Amino acid sequence: MDRKTGKKIMHDHNEDGIDRRGFLECMAWVGTGAFCVMQGGILKSFSMSRLGDFDAKAMAGELSFVQISDSHMGFNKPANPDVTGTLKAAVDKINGLSAPPEFLLHTGDISHLSKPEEFDTVDQILKGASAKDVLFVPGEHDVLNDDGKQYLERYGKNTKGAGWYSFDKKGVHFIGLVNVLNLKAGGLGTLGNEQLEWMEDDVKHLKSSTPIVVFAHIPLWSVYPDWGWGTQDSAQALGYLKKFGSVTVLNGHIHQTMQKVEGNVTFHTAMSTAFPQPAPGTAPSPGPMKVPDDQLRKVLGITDVNYTRGKHALAVVDSTLG
Amino acid sequence: MKIRRGVFVSSFLTAVALAGALLLAGPLDSTVHAQQPAPTAAEVKVDNFSFSPATLTVAVGTTVTWTNHDDIPHTVVSTDDPRAFRSKVMDTDEKFSYTFTKAGSFAYFCSIHPKMTGTVVVK
């Protein structure tokens, strides 16, 4: 839905040769509920109004998981005085999905100020989700004051370095990266050499047909460097993934959905469960954006991801809380 | 080498006192001469993800206080290694103060939002 006119936006990129150009920047406006499928490197995206046209079975696929992001537990400013309530609403949304997700990915900024009680509250609320496994990567708000020590103690079991790790589920290889530590003055998000070397080694022995999902807090593509929305050494990380036919990159941090396809890589950012942020360059700063109270849940949400073996496709569906 | 840490100014009264001292000391001027009374306090606003003024010039001995006016937490961390100063995270309306006892140019940034940078020039 276009925010200004209330009209439905319908994308159908089947015939416009997006992948041949090798580049697409498609902004799924917050509240649109855009539905994107990648098949053989071609992105198809449709508005939620056409979801009824799809075969529900095909959509469910073999592996279904949900990405949530930027819960900012502890935030209490006008942009959302009740981040607990909206996180609970996100859990309700997850529990209402027709295909129950196998696990949840939280792409960081779990807490607002890295306080133990903020992490405790999020853990408690997420226990109410149908999916019991929750996998995390840290946001910059989760590693304040202690360079991520507390985060590692809580969420970093079986991870390497500052909390990066990989795992396999139903033939899909997942890689969780940390790009919010050791940031340099004037710079962007940073992965660092130790993590990059680990990643190179981690994917070296995988078959090129293995679908890859990479998740990290700050976007691994240059969304808007003026606001720090990018990662300095992400090109090196993506370079290790060139041989793979299907790469899906899931990020948070910018509190709005955005999507780009470059070759075999689909980049996607998720909505926050706490508060929206302005579109790049549309405000003096990327601070929390205040919307009318009855509009708030239309700009917060979750991201549902489905994979079907053999179809070479990961479907990414954003849905708002209200 | 011992790193001197700044202290949080938690009391509003202290802030008022600092502001008063600033007024008594007269307007800040980068061309202050040694024989003139040196300012003892100066302020930097943290607002809209930026430090203002981005470059602040003060006399040796000046205590600089940063105040966060954003809805998002920020930090004040010197760029040098070892770090001359490093605040804890400052939530909305929280302050951090550091007294500059040596002349020089001190670059700093917000370690959470590294695009935010500033400099204190101490003469």
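**Exercise 1.** In this predicted model, determine how many bridges join β1(B) to β2(B) and whether these strands run parallel or antiparallel.

*Solution.* Counting along the pair gives three bridges between β1(B) and β2(B), and the two strands run antiparallel. To fix the register, take K45(B), which stands opposite S52(B) in β2(B).

**Exercise 2.** Establish which strands β4(B) is joined to, and in which direction each pair runs.

*Solution.* Begin with strand β1 (residues 41-47) of chain B, which is joined to β4(B) by six bridges in a parallel arrangement; within β4(B), T67(B) is the bridge partner of K45(B). Then turn to strand β6 (residues 95-99) of chain B, where five bridges connect to β4(B) and the strands run antiparallel, with T65(B) standing opposite S97(B) of β6(B).

**Exercise 3.** Assemble the pairings into a sheet, and explain why one side of β2 and of β6 of chain B is left without a neighbour.

*Solution.* The four strands of chain B follow the order β2-β1-β4-β6 in an open sheet whose pairing is mixed. Because β2 (50-52) and β6 of chain B stand at the edges and each has a single partner strand, one side of each lacks a neighbour in the sheet. From one strand to the next, the twist averages 20°.

**Exercise 4.** Decide whether strand β4 of chain B is mostly covered or mostly uncovered.

*Solution.* The step needs a cut-off, namely that a residue is buried if 20 or more other C-beta atoms lie within 10 Å of its own. By that criterion five of the six residues in β4 (residues 63-68) of chain B are buried, so the strand is mostly covered.

Technical notes:
Residues are numbered from 1 along each chain as its sequence is written. Chains are lettered from A and ligands numbered from 1 in the order in which they are written. This is a predicted model: local features need pLDDT of at least 70, side-chain atom pairs count only at pLDDT 80 or more; totals for chains, interfaces and linings use all residues. A residue is buried if 20 or more other C-beta atoms lie within 10 Å of its own, exposed if 12 or fewer, and partly exposed in between; C-beta atoms are placed from the backbone. Two strands pair if DSSP finds at least two bridges between them. Axes are lines fitted to C-alpha atoms, for helices over the stretch in contact, and angles run from 0 to 180 degrees between N-to-C directions.
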